[in-house]
Amino acid sequence: MVKALVLMSGGLDSILAAKVLEDQGIKVEAVTFVTPFFGSVSAQKAAEMLGMPVHIIDITEEHLKMLKSPKHGYGRFMNPCIDCHALMIKKAGELMKRLGADFVATGEVLGERPKSQNRNALRVVEKESGMEGYILRPLSAKLLDETIPEREGLVDRNKLLAIRGRSRKPQMALAKHYGIDEYPSPAGGCILTDPMYAVRLRNLYKVEAEPSAKDVSLIKIGRVFLSSEGAIIVVSRNEPENNTLMQLAEPGDLIFEVQGFPSPLTMIPKNSFGEDTVFEAAVLTARYSKAKGEPEADVASWKFGEEARRLIHVEKPSEAVEIIPPKDGELARIVRK
Ligand code: SF4
């Protein structure tokens with residue numbers, strides 16, 4: 001039996017790509033990818049709805065390496081879509097061989113995303129992934145070159161589609177035909193397309209040349225500042241963010257909390273700070289706590305994983321530092337008064 005491995009995002013296009021192939025009697029399995037920037041929940045839900053097995057592959061390490069300097073550049077924000085697609089297809093190709101599948105399929109639609117889904121970008125992805133001829137895009141296949149599985153008669157090209165462009169109408173009609181009425185938004189899910197996150201990430205690269213999975217996850221939460229020494233300070237905004245911050249904390253990270261008042265948690269990632277940054281983090285912690293209007297506050301600071309605590313005395317928390325609002329792609333900056 002012919003077997004296909006479909007890259008499943010959980011969006012409508014990838015669901016439809018799987019359905020179109022199943023309609024030809026092809027056995028379809030799904031593959032999806034995980035990094036700190038996007039997860040597998042939508043894809044898992046979609047695969048469950050379609051009743052097909054789903055393989056989840058964590059590509060964090062390679063994605064982080066690629067993200068620093070993507071060969072084909074970024075999209076509008078920090079989304080390196082062409083390199084990201086090539087990486088995913090390469091990984092899917094490796095899995096295809098292990099599973100004994102015949103080809104890889106995607107839900108890509110020619111011209112739907114002008115930068116990453118034009119003819120040239122699709123070809124670049126094929127070449128970079130080493131999967132030339134083995135990537136079938138069922139929704140636009142009739143507009144594209146014949147693939148090896150079509151040539152070999154494993155797939156009937158006549159039953160594939162010729163959808164092009166940004167109108168979602170053909171996909172909606174197809175969804176109706178298949179009785180699919182619930183699916184996630186097609187654009188959602190990847191934080192690299194978020195403008196605010198892009199600013200944070202660009203600034204993180206200035207501070208940390210090789211950010212870890214923890215570093216890029218930390219800047220997803222809270223308020224993020226640049227200290228007067230150029231270090232990153234993250235101040236949580238609520239209880240769930242407090243929890244996330246503590247889950248991400250590693251030995252050596254410096255944590256702050258105001259004594260005697262409801263307080264956010266603040267973190268300075270390890271190895272990136274001097275005494276000025278420590279003081280500024282203490283002030284920010286007090287400033288965003290219930291001690292904000294008090295004449296003074298004591299802020300406890302400790303290295304994650306160590307018992308010893310240090311108390312930092314802050315006078316007039318609301319005035320002790322100046323916060324320069326973010327502008328021109330910069331983070332909010334702290335200036336000592
Ligand atoms: S939007 Fe994000 S997940 Fe999708 S291809 Fe671009 S970088 Fe990769």
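**Figure 1. Asn242, tucked away in helix H10.** In this predicted model, Asn242 is buried, with a relative accessible area of 9%. That puts Asn242 in the buried class because the cut-off is under 20% relative accessible area. Asn242 sits in helix H10, which runs over residues 239-248. Leaving out residues up to four places away in sequence, Asn242 touches Ser236, Ser263, Pro264 and Leu265.

**Figure 2. Leu136 and its crowd of contacts.** Here we're looking at strand S5, a stretch covering residues 135-136, where Leu136 lies. Leu136 is buried, with a relative accessible area of 1%. Not counting residues up to four places away in sequence, the residues touching Leu136 are Leu21, Phe103, Val104, Ala105, Thr106, Ala141, Thr147, Glu150, Val155 and Leu160. One of these, Leu21, is 115 residues from Leu136 in sequence, while the C-alpha atoms of the pair are 10.0 Å apart in space.

**Figure 3. Gln259, in the loop between S8 and S9.** Gln259 belongs to the loop that links strand S8 (254-258) with strand S9 (266-268). Buried or exposed? Gln259 falls in between: at 36% relative accessibility, it counts as partly exposed. Which residues does Gln259 contact, apart from neighbours within four places in sequence? They are Asp298, Ala300 and Leu311. Take Asp298: it is 39 residues from Gln259 along the chain, and their C-alpha atoms are separated by 5.7 Å.

**Figure 4. Helix H8 and what packs against it.** Helix H8 covers residues 195-207. Its 13 residues should span 18 Å at 1.5 Å a residue, and the end C-alpha atoms are 19 Å apart, which agrees. Look at the start of H8 and you'll find Asp194, with a side-chain oxygen that reaches to within 2.8 Å of the backbone nitrogen of Met196. The buried residues of the helix are Tyr197, Ala198, Arg200, Leu201, Asn203, Leu204 and Tyr205. As for the spacing in a list like this, an α-helix has 3.6 residues a turn, so residues three or four places apart point the same way. What do the buried residues of H8 pack against? Their partners are two helices, H3 (60-68) and H9 (213-218), plus two strands, S6 (223-226) and S7 (232-235).

**Figure 5. The eight-stranded sheet and its edges.** Reading across this open sheet of eight strands, the order is S11-S10-S8-S9-S7-S6-S13-S12, and the pairing is mixed. Why is one side of S11 and of S12 left without a neighbour in the sheet? Strand S11 (309-315) and strand S12 (321-324) stand at the edges and each has a single partner strand, so one side of each stays free of a neighbour in the sheet. From one strand to the next, the twist averages 30 degrees. Strands of a sheet pair through backbone hydrogen bonds, either parallel or antiparallel. For S12 and strand S13 (residues 332-336), the sense is antiparallel, with four bridges. Within that pairing, Ile324 has Arg333 of S13 as its bridge partner.

**Figure 6. Zooming back out to the chain.** The chain holds 11 helices and 13 strands. Along the principal axes, its C-alpha atoms fill a box of roughly 75 × 35 × 35 Å. Of its 337 residues, 51% count as buried. The accessible surface comes to about 16000 Å², and 49% of that belongs to carbon and sulfur atoms. Among contacts with a separation of 6 or more, 61% are between residues 24 or more positions apart.

Note on methods
Residues are numbered from 1 along each chain as its sequence is written. This is a predicted model: local features need pLDDT of at least 70, side-chain atom pairs count only at pLDDT 80 or more; totals for chains, interfaces and linings use all residues. Side-chain values use heavy atoms; hydrogens and water are left out. Two strands pair if DSSP finds at least two bridges between them. Axes are lines fitted to C-alpha atoms, for helices over the stretch in contact, and angles run from 0 to 180 degrees between N-to-C directions. The expected span of a helix is 1.5 Å times one less than its number of residues. Buried means under 20% relative accessible area, exposed over 50%, partly exposed in between (1.4 Å probe, protein chains only). Contact means heavy atoms within 4.5 Å. A polar contact is a pair of N or O atoms within 3.5 Å; within protein, one must be able to donate a hydrogen and the other to accept it, and residues adjacent in sequence count only if both atoms are side-chain atoms. Accessible areas come from the Shrake-Rupley method with a 1.4 Å probe; for residues, only the protein chains shown count as cover.
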